[in-house]
Amino acid sequence: QVTIIYDTMWNGTKLLAEKIAEGILQADKDVTVKVYNIAKCDDNDLITEVFKSKTVVIGSPTISNSILHSIAGFIHLMKGLKFKGKKAAAFGCYGWSGECVKVINELMVNAGFEVALEGYRNQWNPGADAQKEAVDFGKAIAKL
């Protein structure tokens, strides 16, 4: 199972999450992919999905040179549970500076996850090319 957890401000990160899921399913029809907007979910339900997953993909837009507090808090929660043997990948949109992927990767490593890919980030809301790149990123995740 692959679980994609994201938060969004202007729906760009949401669109990336959907396209990444599409790419994973194109590459591996047998995998279960679940996509969650953290703002609309209970943390306990999300943690249950993380337990079931081999790979967790986290997305956030960049805000104030970092990530949304909802995502940072959830990663902190995962760190406390000391998961082992799980892979992680990061994605997000940005306007100016674009630190979201770097910040998520660092937090996920500190939480005990193996960051298997560098991550995918897109400036502004994703156009057609960025959406195709997100699908390709999902295909790369499926190969993990």
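**Cysteines, aromatic pairs and helix 2 in a predicted model**

Cys93 counts as buried, at 6% relative accessibility. The structure is a predicted model, and the description below starts from this residue. Cys93 takes part in no disulfide, and the nearest cysteine sulfur, which belongs to Cys100, is 7.5 Å away. A disulfide requires two cysteine sulfur atoms within 2.5 Å; by this rule the count is zero disulfides. Cys100 is likewise in no disulfide, the sulfur of Cys93 being the nearest at 7.5 Å. Cys100 is buried, with a relative accessible area of 0%.

Both cysteines appear among the contacts of Thr62. Leaving aside residues up to four places away in sequence, Thr62 touches Cys93, Tyr94, Ser97, Gly98, Glu99 and Cys100. Thr62 is located in the loop between strand 3 and helix 3 and counts as buried at 12% relative accessibility. A polar contact accompanies these: the side chain of Thr62 reaches the backbone nitrogen of Glu99 at 3.3 Å. Ser64 is found in the loop between strand 3 and helix 3. Ser64 is exposed, with a relative accessible area of 68%, and has a positive phi of about 50° although it is not a glycine.

Tyr94, one of the residues touched by Thr62, also has a charged group over its ring. Arg121 lies over the face of Tyr94, at 4.7 Å from the ring centre.

Aromatic pairs were searched for over the whole structure, and four were found. In one of them, the ring centres of Phe83 and Phe113 are 5.9 Å apart and the planes stand at 55°, so the pair is classed as tilted. Phe83 belongs to the loop between helix 3 (69-80) and strand 4 (87-94), and Phe113 to the loop between helix 4 (100-110) and strand 5 (114-115); the pair therefore ties together parts that are 30 residues apart in sequence. Phe83 and Phe113 are buried. A pair formed by Trp96 and Trp124 is edge-to-face, with 5.2 Å centre to centre and 80° between the planes. Trp96 lies in the loop between strand 4 and helix 4, and Trp124 in the loop between strand 6 (120-123) and helix 5 (128-142), so this pair ties together parts 28 residues apart in sequence. Trp96 counts as exposed at 75% relative accessibility, whereas Trp124 is partly exposed, with a relative accessible area of 46%. One aromatic cluster is formed by Phe51, Phe83 and Phe113.

Phe51 leads to helix 2, where Asn44, Asp45 and Phe51 are exposed. On helix 2 (residues 43-52), the buried residues are Leu46, Ile47, Glu49 and Val50. Seen down the axis of helix 2, these buried residues fall within an arc of 160° and so line one face of the helix. The exposed residues Asn44, Asp45 and Phe51 are on the other side of helix 2. The cover over the buried residues of helix 2 includes strand 1 (2-6), strand 2 (33-37), strand 3 (55-59) and helix 3. At the start of helix 2, a side-chain oxygen of Asp42 comes to within 2.8 Å of the backbone nitrogen of Asn44.

The loop between helix 3 and strand 4 contains Lys82. Lys82 is exposed, with a relative accessible area of 61%. Its phi is positive, about 55°, although Lys82 is not a glycine. The loop that holds Lys82 also holds Phe83, the partner of Phe113 in the tilted pair.

A contact between residues distant in sequence involves helix 1 (residues 12-27), in which Gln26 lies. Gln26 and Val135 are 109 residues apart in sequence and 8.5 Å apart in space, C-alpha to C-alpha. When residues up to four places away in sequence are not counted, Gln26 touches Val135 and Lys139. Gln26 counts as partly exposed, at 40% relative accessibility.

Terms used: Residues numbered from 1 in each chain as written. Predicted model: local features only at pLDDT ≥ 70, side-chain atom pairs only at ≥ 80, totals over all residues. Heavy atoms only, no water. Phe/Tyr/Trp six-rings, centres within 6.5 Å; stacked < 30°, edge-to-face > 60°. Helix = DSSP H or I, 4+ residues; strand = E, 2+ residues; numbered from the N terminus. Buried < 20%, exposed > 50% of the residue type's maximum accessible area, 1.4 Å probe, protein only. Lys NZ or Arg CZ within 6 Å of the ring centre and 35° of its normal. Arc of directions from axis to C-beta. Contact = heavy atoms within 4.5 Å. Polar contact = N/O pair within 3.5 Å; in protein donor to acceptor, adjacent residues only side chain to side chain.
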